[in-house]
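Visitor: I should like to take a close look at a single part of this structure, one residue and the strand that holds it, and then to follow the connections outward from there. Please guide me through it in one connected account.

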Amino acid sequence: MPIIVVASSKGGAGKSTLTLVLAQALEAIGATVTIVDADPNRPIVRWKNGKSKSAVEVVGDVTEATIIRTIREHSAHRQFVIVDLEGTANRLVSRAITQADLVLIPLQASGLDSNEAGRAVQLIREEEEALDGRTIPFRIVMTRTSPLIMTKIEKGIIQAVADAEIPRLEVRLNERQPYKAIFVNRLTLAELPAEVTGIEGAIENADRLAAEVIDIIADTSTKKGKQP
Ligand SMILES: Nc1ncnc2c1ncn2[C@@H]1O[C@H](COP(=O)(O)OP(=O)(O)OP(=O)(O)O)[C@@H](O)[C@H]1O
Ligand SMILES: [Mg+2]
């Protein structure tokens, strides 16, 4: 079943947030999801140790020696495996990328470094070389965007990504308080206390993102001749 790897060589780009939000949205439509928390800081393992009743399974304790086996084992019995990586390039990151049906690369709309996307794509291209030409589908995901306006900086980054012919998710992950609160409270979006503002908008954004990811995976696996 599909393996989604969330990668970016930039720390703090929004990988763990994207991982957990996407996993929750997939769970909400009835999918079985395992997150492989491959970051030594283990942010998703910490989340799972809270009081949430979420059925998202979280696996920590992976090393470069076990990452491929762990991903494959879980993808055999779960509908989605999502791998959250740390914000550096190392062998564990490389190995995880080789297993991906789709790599998602979060890119902060507020970031001033538009080469960031290029660097992440370069990493994927290098893995593809090692795979003798098998392509690894990937998409940039704009994160921490404003739900109200598209800023000048964001427009500039989107243009730079388009000019470099780097594929991008249409849906952006907006800057939303609930996306922080799920980590602080160790709950799902739906479980958050009502005083957290903007829960509905956050769930709606997450659902749209998950729907586009499902479409892309269905599309790329059809092209590969696999069943989605
Ligand atoms: N869409 C969002 N809305 C609100 N806050 C966000 C969003 N995305 C990320 N953040 C915040 O930005 C910070 C970094 O996000 P996150 O931890 O997801 O990044 P990361 O790429 O996993 O970082 P690292 O490289 O350290 O693993 C966190 O404080 C997180 O709460
Ligand atoms: Mg992280």
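Guide: In this predicted model, Met142 has a relative accessible area of 0%. A residue counts as buried when that value is under 20%, so Met142 is buried. Met142 belongs to strand E6. Setting aside the neighbours within four places in sequence, Met142 is in contact with Leu107, Ala109, Glu154, Ile157, Ile158, Arg168, Arg172 and Leu173. Gly60, by comparison, stands 26 Å from Met142 in space, C-alpha to C-alpha, and 82 residues from it in sequence.

The strand around Met142 deserves attention next. E6 comprises residues 138–145 and is mostly covered, with seven of its eight residues buried. One of its partners is strand E5, residues 102–108, which pairs with E6 in the parallel sense over six bridges. Within that pairing, Val103 has Phe138 of E6 as its bridge partner. Another partner is strand E7, made of residues 173–174, and here too the pairing with E6 is parallel, over two bridges. In this case Thr143 has Leu173 of E7 as its bridge partner. Leu173 has already appeared among the contacts of Met142.

From E5 the path leads on to strand E1. E1 and E5 run parallel and are joined by three bridges. Val103 of E5, the bridge partner of Phe138, also stands opposite Val5. E1 pairs in addition with strand E4, residues 80–84, in the parallel sense over four bridges, and in that pairing Val6 stands opposite Asp84. In a regular strand, side chains alternate between the two faces of the sheet. In E1, which comprises residues 3–6, Ile3 and Val5 lie on one side and Ile4 and Val6 on the other, and all of them are buried. Both faces of E1 are therefore covered.

The empty spaces in the model come next. Rolling a probe the size of a water molecule over the atoms shows where empty space is left. The structure holds one cavity of 30 Å³ or more, and the volume of the largest cavity is about 40 Å³. Its lining is formed by Ala7, Ser8, Ser9, Ile97, Ile105, Ala120, Leu123 and Ile124. Helix H5, residues 115–130, gives the largest share of this lining, three residues. By kind, the lining consists of six nonpolar residues, two polar and no charged.

The largest pocket has a volume of about 370 Å³. The elements that give two or more residues to its lining are H1, E6, E7 and helix H7 (177–185), and the strand of Met142 is thus one of the contributors. The lining has 24 residues, and those nearest the centre of the pocket are Gly12, Gly14, Lys15, Thr17 and Arg144. These lining residues divide into seven nonpolar, nine polar and eight charged.

Helix H1, another contributor to that lining, can be checked by its length. The helix has 14 residues, 15–28, and at 1.5 Å a residue it should span 20 Å; the C-alpha atoms at its ends are 20 Å apart, so the expected and computed values agree. H1 is also mostly covered, since 11 of its 14 residues are buried by the criterion of under 20% relative accessible area. Among the buried residues are Lys15, Ser16, Leu18 and Thr19. Lys15 is one of the residues nearest the centre of the largest pocket as well. Just after H1, Gly30 takes a positive phi of about 95°.

Two further residues concern the backbone. Most residues other than glycine have a negative phi. Glu165, however, has a phi near 55°, a positive value in a residue other than glycine. Glu165 is found in the loop between helix H6 (152–163) and E7. Its relative accessible area is 71%, and as exposed means over 50%, Glu165 is exposed. Arg186 also has a positive phi, near 55°, and is likewise a residue other than glycine. This residue lies in the loop between H7 and helix H8 (199–223). With a relative accessible area of 31%, Arg186 is partly exposed.

To return to the starting point, Met142 is buried in the predicted model, and strand E6, where it is found, pairs with E5 and with E7.

Terms used:
Residues numbered from 1 in each chain as written. Chains lettered and ligands numbered in written order. Predicted model: local features only at pLDDT ≥ 70, side-chain atom pairs only at ≥ 80, totals over all residues. Heavy atoms only, no water. 1 Å grid on protein atoms, 1.4 Å probe; cavity = no way out; pocket = protein on both sides within 12 Å on 5 of 7 lines; lining within 4 Å. Points joined across faces, edges and corners; volume = space filled by probe spheres on them. Nonpolar A, V, L, I, M, F, W, Y, C, P; charged D, E, K, R; others polar. Expected span 1.5 Å × (residues − 1). Buried < 20%, exposed > 50% of the residue type's maximum accessible area, 1.4 Å probe, protein only. Pairing = 2+ DSSP bridges. Contact = heavy atoms within 4.5 Å.
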